[in-house]
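Me: I'd like to learn how to read a structure like this one, feature by feature. Could you walk me through it?
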Amino acid sequence: MKILLVEDDRMLAKELARALREENFAVDIAETGEDGQHLGETESYDAAVLDLGLPKVPGVEVLLRWRKQQRHFPVLILTARDGWSDKVEGFKAGADDYLTKPFRVEELVMRLRALARRAAGHAASRICCGALTFEAPTGQFELDGLPLKLTALEWRVLECLIMRKETVVERGLLSDKVYEGDVGTDSNSIEVIVARLRRKIGKTMIETERGRGYKLTAAQ
Amino acid sequence: MARATASLSKRLLIAAGIFIAVALIVSAVLIAFVLHRFVQSQIDQRLDAQIAFLSSMLQVGKDGQLKLAGTADGPPFDRPMRGWYWKISGPANVLRSGSLGSADFELPDVSNRPAPPPPPGPPPPDESRPLKDRPIPADGIGPGGQMLHYRIATVPVAGVRATIAASAPRDAVLGPLGEAMRTLAISLAVLGVGLIAAMLVQVRLGLRPVERLRRAIADVRAGARERVPDEQPRELRPLTDELNALLGENAANLERARRHVSNLAHGLKTPLATMSVALRKEAPGADDVQSLVLLMDRRIRHHLGRARSAALGSPVRARTVLAPRVADLVLVLAKVNAGKAVDVAHHISPTVAVACEQQDVDEMLGNVLENAFAWCRSKVSVSAGSAGRSVLLMIDDDGPGLSAEQMANAVQAGRRLDESAPGFGFGLSITRELAELYAGALTLRPSELGGLCVEIRLPAA
């Protein structure tokens, strides 16, 4: 799961990215509205956290431009202004949720997970695929009812696959969702991660579609 | 200080009264003086004519005795003991008017007095023999203690010096003068009363623009108008210009202070957020710090709201149509609560409007609706209707509702400020404060849907 964080306060952005990475999220940071707009239009994200009080290009403007460019990833507005009029303005521009500063990181993480899950078309908070279950609100995977220990990269791959279970996920998309913007991607390493995952959840659940990508399936 | 706070019209009236009284008294004195001189000169002319007449008839006999060539007791010198007398003293004898009878009077010594200047006007026509010197005036007491006015002249008659004196009663001067002055005093008093009445009217009329200005300023204070109207009499224009400048400066200062408070509040929130995020869950005392962060946030929100409301009552009252505000807020809350299927019924006529700023309407409705969405099982209903000069807004939900005690606590200002659990209370007390700022009210009661019904009464627009 990959998040775009648009926040001009460097300290907050740094701390927030650290906290989100601890929850296994991949995080790209944009410190200005222009950068945020560009990343949102060119990269693939599961959700964006957008500060409204950005210098030069305000957050609402960034959001309007994304929506105009048909970028429909869920957007959570983060703002110091807690007035309802500000919220209404944000939502009219196309926001999906809001949090006012200060906020609890747990709350933000929970809301981002819910936004990403609903955007992927899952109404229920628990997603099952065979013996594998994903508790969306906590981000916890279970195999046969037992917690599954995963590294951050493994979690990102498996989360991406289970959100799109029974469909082929292209290698490029997978790589996009797993690696942060400034890390050089290596498609071979996706294969390594998938191999490690197969060892943990069983060989048959992740099918390789040659030349295209991978599919998480409950079919044996 | 008492002088400065005294009534303006009283000051004007007292000043005018003093001026009018002084002017009338001075003119009365002047008129009395002129009248006195006039009557006096009439009498003097008469006496002088008598002296001239006597002197023209005066002869000296062979024995050196003075005698008159004919009778000299023409009116009014023929009336006995009335004050109209004459007397001629020569070196050998004394002649007296018949009106004196057997009485006599002593002539005051006027030998060292200078002759008075001639009276104004042409000399009396009946002066047959011009006197060498003008007669000298004198006052004295005559027979019977009567006050007399004399004219005394010394004339040479055939080598003999004779002193001729003619007298008139003092009353002959004072009587007509007194009578004239009585009439004059009445006229002047009437004039004075008339002038003061005119002054009263003038002060009333003159001060009317001041009263109008006072009402205009009261309107500004009440919020009915933004500034004092510029159409003022020229004398008041500088005052209203200064007033308007002051009002403008005040508004700008208030706006600036508000912006500073707002910037301060929002400037604090990002570092607070950073602190909260930077705090690791497992760090010792993390929960305490998190509740402190929450407490700080609530304090900031509370005082930000206070600062905003202190600036409220801004002159131009706003008008906000409710229906679109409810629709917008329901849209926001439906999205925020996307995971919960909430059935929202809101049917508000597009004509229902309240006399509040949109931002405040959003705040009140948003807080109450947020609670309703959070606590409802599946239904929220919003309705509004006009009730006289106010609008009654009702937000119902089918949640667990509140007990009577909880209801009482929920709307108490700041009740939740120091509590960390989210829920009813903070938003409701903010809403109540805002509604009361607009002279409205917030009441809680059990809803027909089974949960809580929040009733907000706001002034209609």
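Me: Let's begin with salt bridges. Which residue forms a salt bridge with Glu61(A)?

Reply: Happy to help, and do keep in mind that this is a predicted model. The test for a salt bridge is a side-chain nitrogen of Lys or Arg within 4 Å of a carboxyl oxygen of Asp or Glu. The partner of Glu61(A) is Arg65(A), with the closest N and O atoms 3.2 Å apart. The two residues are separated by about one helical turn, because they are four residues apart in helix 3 (residues 59–68) of chain A. Glu61(A) is partly exposed, at 30% relative accessibility, and Arg65(A) is partly exposed with a relative accessible area of 30%.

Me: Where in chain B are Arg214(B) and Glu211(B), and how many residues apart are they?

Reply: They lie three residues apart in helix 3 (residues 171–222) of chain B, so about one helical turn separates them. Their side chains meet in a salt bridge at 3.1 Å, N to O. As for exposure, Arg214(B) is partly exposed with a relative accessible area of 46%, and Glu211(B) is partly exposed at 34% relative accessibility.

Me: What about Asp362(B) and Arg325(B): are they buried or exposed?

Reply: Both Asp362(B) and Arg325(B) are buried. Their side chains form a salt bridge at 2.9 Å, N to O. Asp362(B) sits in helix 7 (residues 358–375) of chain B and Arg325(B) in helix 6 of chain B, so this pair ties together parts that are 37 residues apart in sequence. It is also worth following shared partners: salt bridges join Lys92(A), Arg325(B), Asp328(B) and Asp362(B) into one network. Over all chains, the count comes to 32 salt bridges.

Me: That network has members from two chains. How many salt bridges are there between chain A and chain B?

Reply: The count between chain A and chain B is one. The side chains of Asp328(B) and Lys92(A) meet there in a salt bridge at 2.9 Å, N to O. Polar contacts are another thing to look for, and twelve residue pairs are in polar contact between chain A and chain B, both residues being at pLDDT 80 or more. On the side of chain A that touches chain B, the elements giving two or more residues are helix 1, helix 4 (84–92), strand 5 (97–100) and helix 5 (105–119) of chain A. Helix 1 of chain A gives the most to that side, with seven residues.

Me: And how do I read the whole interface? How many residues does each chain bring to the contact?

Reply: Take the residue count together with the buried area. Chain A brings 32 residues and chain B brings 34 residues. The two chains bury about 2800 Å² between them, and 57% of it is on carbon and sulfur atoms. Of the area that chain A buries against chain B, 25% comes from Asp82(A), Trp84(A) and Pro102(A), more than from any other three residues.

Me: Which residues does Leu16(A) touch?

Reply: Leaving aside residues up to four places away in sequence, Leu16(A) touches Leu5(A), Leu78(A), Phe103(A), Val105(A), Leu108(A) and Val277(B). Leu16(A) is in helix 1 (residues 10–22) of chain A. Leu16(A) counts as buried because its relative accessibility is 0%, the cut-off being under 20%. Sequence distance is worth a look too: Leu16(A) and Leu108(A) are 92 residues apart in sequence, yet 9.7 Å apart in space, C-alpha to C-alpha.

Me: Now a polar residue. Where is Ser99(B) found?

Reply: Ser99(B) is in the loop between strand 4 (94–96) and strand 5 (136–141) of chain B. With 1% relative accessibility, Ser99(B) counts as buried. For a buried polar side chain, check what its polar atoms meet. The side chain of Ser99(B) reaches the backbone oxygen of Trp84(B) at 2.7 Å, and a polar atom of that side chain lies 3.3 Å from the backbone oxygen of Phe77(B). Residues touched by Ser99(B) include Asp73(B), Arg79(B) and Tyr85(B).

Me: Finally, the surface. Which residues form a nonpolar patch there?

Reply: Ile14(B), Ile18(B), Val22(B), Val26(B) and Leu30(B) form it, with about 450 Å² of accessible area together. Leu30(B) lies in helix 2 (residues 8–57) of chain B, and Leu30(B) is exposed, with a relative accessible area of 51%. For the chain overall, the accessible surface of chain B comes to about 25400 Å², with 59% belonging to carbon and sulfur atoms.

Terms used. Residues numbered from 1 in each chain as written. Chains lettered and ligands numbered in written order. Predicted model: local features only at pLDDT ≥ 70, side-chain atom pairs only at ≥ 80, totals over all residues. Heavy atoms only, no water. Patch = residues over 30% accessible without salt bridge, like charges linked within 9 Å, V, L, I, M, F, W, Y side chains within 5 Å. Areas by Shrake-Rupley, 256 points an atom, 1.4 Å probe, with all protein chains shown as cover. Buried < 20%, exposed > 50% of the residue type's maximum accessible area, 1.4 Å probe, protein only. Contact = heavy atoms within 4.5 Å. Buried area = accessible area lost by both parts, 1.4 Å probe. Polar contact = N/O pair within 3.5 Å; in protein donor to acceptor, adjacent residues only side chain to side chain.
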